[in-house]
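Me: I should like to take a close look at a single part of this protein, namely its aromatic ring pairs. Please describe them in one connected answer.

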Amino acid sequence: MSEKQRTSPIKNFLAGGVGGVCCVAAGHPLDTIKVRLQTMPKPTAGQLPMYSGTFDCAKKTIVKEGILGLYKGMAAPITGVTPMFAVCFFGFGVGKRLQQKHPEEQLTLLQLFNAGMLSGVFTTAIMTPGERIKCLLQVQQASTSTSGVRYNGPVDCIKKLYKEGGIRSIYKGTAATFLRDIPASGMYFMSYEWLQRVMTPAGKSRSDLSVGRTLLAGGCAGICNWAVAIPADVLKSRLQTAPEGTYPNGIRDVFKHAMKEEGVRALYKGATPVMLRAFPANAACFMGYELAMKFLNWAAPNL
């Protein structure tokens, strides 16, 4: 596969959509656990926390809500994931093209990081409302009270958010999403491209890489991505799931409150499920992406 083929924005758009579906299917249960750990209330003196950790959260969710409880909120990312990942990989392709002097030029690691950051800018408009809806549905516990659950799925959630606060409510957490995704996307793509280069045998092309090496590169890229993203992701999750008016100054108030109440450790809540999810989900993502890219290069070599 030539460098020109790998930087085709159209092919990156289509292959990225396939990769995104693979990513969500593989990683959503652990994403649900991550969000619930990040947003659980601080226990009062003498009270045990709602969840003692990753496996306790998984156990209590399954006991109370069944295995499908781990898939709550999945409709929102599945609906948005194809265009979101498509735009993400498209942005990366555009970022590479903008920095190349000729189509076959191999970019430096810094240039790849810059291209990855551009992809983070591209995806925020799609990512923010999807994340807001997903997080609200994930933290919504199955209720035994007479009032029942607040949101009956993604569409109902959108309607109620819009009724309560208009489009601003749906896009709550935009700045936090920017803060998370721009540097994390840079790390994501740079680490994947670097690992692919390192693992390509001498005299071979990247299209000759084995399935195992592609999965390894994708999984490690996911871990690198989340190592950068976790602190901002915690702040984003808390902001997006908090009742209106809780944090009038947005992410700055979330940060101040977290530091005052829990200290720096608060910024790494949910890190265990994040890292457990990062490898398989992103290995699946890049495997789907590479297979789709190979098919597109075969079906439309000049696209």
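Reply: The following account treats the aromatic pairs, after a brief remark on confidence.

The model is predicted, and the protein chain averages a pLDDT of 88, with 95% of the residues scoring at least 70. Confidence is highest in helix α7 (residues 174-199), at a mean of 95, and helix α7 also holds one partner of a pair described below, phenylalanine 189.

The count of aromatic pairs comes to 12. One of them joins phenylalanine 189 and phenylalanine 286: the ring centres lie 6.4 Å apart and the planes stand at 85°, which is over the limit of 60 degrees, so this pair is classed as edge-to-face. Because phenylalanine 189 belongs to helix α7 and phenylalanine 286 to helix α10, the pair ties together parts that are 97 residues apart in sequence. Both phenylalanine 189 and phenylalanine 286 are buried.

A second example is formed by phenylalanine 295 and tryptophan 298, with 5.8 Å from centre to centre and 45° between the planes, a tilted arrangement. Here the two partners share helix α10 and are three residues apart, about one turn of the helix. Phenylalanine 295 and tryptophan 298 are both exposed, whereas phenylalanine 189 and phenylalanine 286 are buried.

Ring pairs also build a cluster, whose members are Phe89, Phe92, Tyr188, Phe189, Tyr192, Phe286 and Tyr289. The buried residues phenylalanine 189 and phenylalanine 286 are thus named again among the members of this cluster.

Terms used:
Residues are numbered from 1 along each chain as its sequence is written. This is a predicted model: local features need pLDDT of at least 70, side-chain atom pairs count only at pLDDT 80 or more; totals for chains, interfaces and linings use all residues. Side-chain values use heavy atoms; hydrogens and water are left out. pLDDT is the predictor's confidence in each residue, from 0 to 100. Helices (H or I, at least four residues) and strands (E, at least two) are DSSP runs, numbered from the N terminus. Rings of Phe, Tyr and Trp (its six-membered ring) pair if their centres lie within 6.5 Å; planes under 30 degrees apart count as stacked, over 60 as edge-to-face and the rest as tilted. Buried means under 20% relative accessible area, exposed over 50%, partly exposed in between (1.4 Å probe, protein chains only).
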